[in-house]
Amino acid sequence: MSLVKKLYENRNLNDEEFLELLSDEKYDTELREYAQKITQKYYGNKIYIRGLIEVSNYCKNNCYYCGIRCQNKNVKRYRLTKEEILDACSNGYKLGFRTFVLQGGEDPIFDTILVDTVKEIRNTYKDCAITLSLGEKSYEFYKELYEAGANRYLLRHETADSTHYNQIHPENMLLETRQQALWDLKDIGYQVGSGFMVGSPYQTNENLLKDIRFLQKLQPAMVGIGPFLTHHDTPFKDMENGSYKMTLKLLSILRILFPNLLIPATTALNTINKEGRLQGILSGANVVMPNLSPENAKSNYNLYDNKLITGNESAKLVEELNNELKTIGYEVEVARGDVKKLF
Ligand code: 5AD
């Protein structure tokens with residue numbers, strides 16, 4: 001039996017087999033075929049859409065890879081108001097979005113308006129999911145936000161190897177804290193999303209194997225991955241970008257391992273290659289997250305260079321996306337798009 005078929009049938013492999021799979025491109029086509037078959041089985045040709053709202057680019061952290069790290073003095077910082085966020089939701093709702101994702105840096109000042117903002121979105125859009133992606137918070141604060149109406153939380157684990165974690169983060173950030181936050185979110189009842197960058201500096205295939213093992217333990221509802229891309233104002237400015245092919249391959253592996261997983265074709269993937277979004281879907285992704293942020297926010301939320309602007313304010317946003325998806329036989333689903341039960 002081929003290694004890929006074995007992965008498909010067992011939804012697992014041993015360490016040695018995973019490393020073999022990761023190290024050789026000869027498996028890529030077969031991985032993609034299985035991944036597509038599984039996505040079709042669970043989600044048909046429907047792609048879920050999420051409206052991304054980049055609420056603040058202030059961040060107290062200093063991650064070596066990230067363009068909005070606190071030590072980058074060249075960022076024009078902004079913080080949206082509750083009204084601006086509600087406007088973005090209103091615009092998105094009319095376009096057909098039924099999930100709003102509030103994403104931002106770790107910004108304690110933004111936190112002071114967060115509960116109120118979540119409550120108001122919840123009261124206005126009862127049929128929508130609210131996703132937060134705002135970094136590490138205390139158990140109590142996560143709980144307060146959940147009770148205010150948030151349903152989902154995205155927090156990439158970034159890397160499951162502690163040595164590697166310390167190579168890409170400053171000393172005050174710890175793998176244990178990050179992973180504990182994910183367990184806290186699960187415990188509270190959030191649908192949890194995790195993920196990592198592909199080809200982040202110093203990453204090895206052994207690290208990627210650990211990422212897979214961590215995800216198998218965590219059993220998240222969503223996993224976001226994208227290639228690492230350099231940003232000119234970070235310590236990693238001269239590092240190499242992550243690999244496009246490796247990202248597609250990992251999307252397929254994730255789909256086969258976790259058949260019902262919600263997997264976005266990320267902006268980073270679409271930035272590294274203009275076919276990225278469609279190829280990501282053909283490799284196993286089933287979610288896209290167009291940007292609903294106001295224009296000034298979009299142009300200042302640069303985690304990496306040349307970040308693609310994937311949404312526009314036009315009433316045609318979803319129609320255009322739908323037309324793009326139709327070229328590969330898929331279409332947008334107007335729905336909250338919760339995770340399906342595993343058959
Ligand atoms: N390249 C690619 N992805 C990045 N992220 C942050 N900086 C970069 C970069 N330079 C990712 C991180 C973070 C998510 C919001 O964006 O994984 O969790």
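User: Let's start with Arg11. Which two helices does the loop holding Arg11 lie between?
Analyst: Keep in mind that this is a predicted model. Arg11 comes just after H1. Its loop runs between H1 and H2.

User: What is the phi of Arg11, and what is its relative accessible area?
Analyst: Most residues other than glycine have a negative phi. Arg11 goes the other way, with a positive phi near 45°. As for exposure, Arg11 is partly exposed, and its relative accessible area is 32%.

User: And Glu158: buried or exposed?
Analyst: Glu158 is another non-glycine residue with a positive phi, near 75°. You'll find Glu158 in the loop between strand S5 (152-154) and helix H7 (162-168). The cut-off for buried is under 20% relative accessible area. Glu158 has 10%, so it counts as buried.

User: Back to H1. Within what arc do its buried residues fall?
Analyst: Helix H1 covers residues 3-10, and its buried residues are Leu3, Val4 and Leu7. An α-helix has 3.6 residues a turn, so residues three or four places apart point the same way. Looking down the axis of H1, the buried residues line one face of the helix, because they fall within an arc of 105°.

User: Which helices do those buried residues pack against?
Analyst: The buried set in H1 is Leu3, Val4 and Leu7. Their packing partners are helix H2 (15-23), helix H3 (28-43) and helix H10 (244-257).

User: Now the sheet. Which strands stand at the edges?
Analyst: The sheet is open, with six strands paired in parallel in the order S2-S3-S4-S5-S6-S7. An edge strand has a single partner, so one side of it is left without a neighbour in the sheet. From one strand to the next, the twist averages 20°. The edge strands are S2 (51-56) and S7 (222-227).

User: What angle does H5 make with S4?
Analyst: Helix H5 (residues 108-124) packs on the sheet. H5 touches S2, strand S3 (99-104) and strand S4 (129-133). The direction of H5 makes an angle with that of S4 of about 165°.

User: Which residue in S6 is the bridge partner of Arg152?
Analyst: S5 and strand S6 (residues 191-198) pair in the parallel sense over three bridges. Helix H8 (residues 175-188) lies across S5 and S6. The S6 partner of Arg152 is Gln191.

User: How many residues of S7 are buried?
Analyst: In a regular strand the side chains alternate between the two faces of the sheet. On one side of S7, Met222, Gly224 and Gly226 are buried, and on the other Val223, Ile225 and Pro227 are too. S7 is largely enclosed by the rest of the structure, because the number of its residues that are buried is six of the six.

User: How many bridges join S6 to S7?
Analyst: S6, helix H9 (residues 205-218) and S7 make a right-handed β-α-β unit. In S7, Phe196 has Ile225 as its bridge partner. The two strands run parallel, and the bridges joining them number six.

User: Last one: which helix gives the most to the largest nonpolar core?
Analyst: In soluble globular proteins, nonpolar side chains tend to be buried together. Here the largest nonpolar core has 110 residues, and Leu21, Phe100, Leu132 and Tyr190 have the most contacts inside it. Tyr190, for one, touches residues including Leu132, Tyr142 and Leu185. The helix that gives the most, with nine residues, is H10.

Methods
Residues numbered from 1 in each chain as written. Predicted model: local features only at pLDDT ≥ 70, side-chain atom pairs only at ≥ 80, totals over all residues. Heavy atoms only, no water. Buried < 20%, exposed > 50% of the residue type's maximum accessible area, 1.4 Å probe, protein only. Helix = DSSP H or I, 4+ residues; strand = E, 2+ residues; numbered from the N terminus. Arc of directions from axis to C-beta. Contact = heavy atoms within 4.5 Å. Pairing = 2+ DSSP bridges. Axes fitted to C-alpha atoms, helices over the stretch in contact; angles between N-to-C directions. Core = buried A, V, L, I, M, F, W, Y, C linked by side-chain atoms within 4.5 Å. Right-handed = clockwise from strand over helix to strand, strands pointing away.
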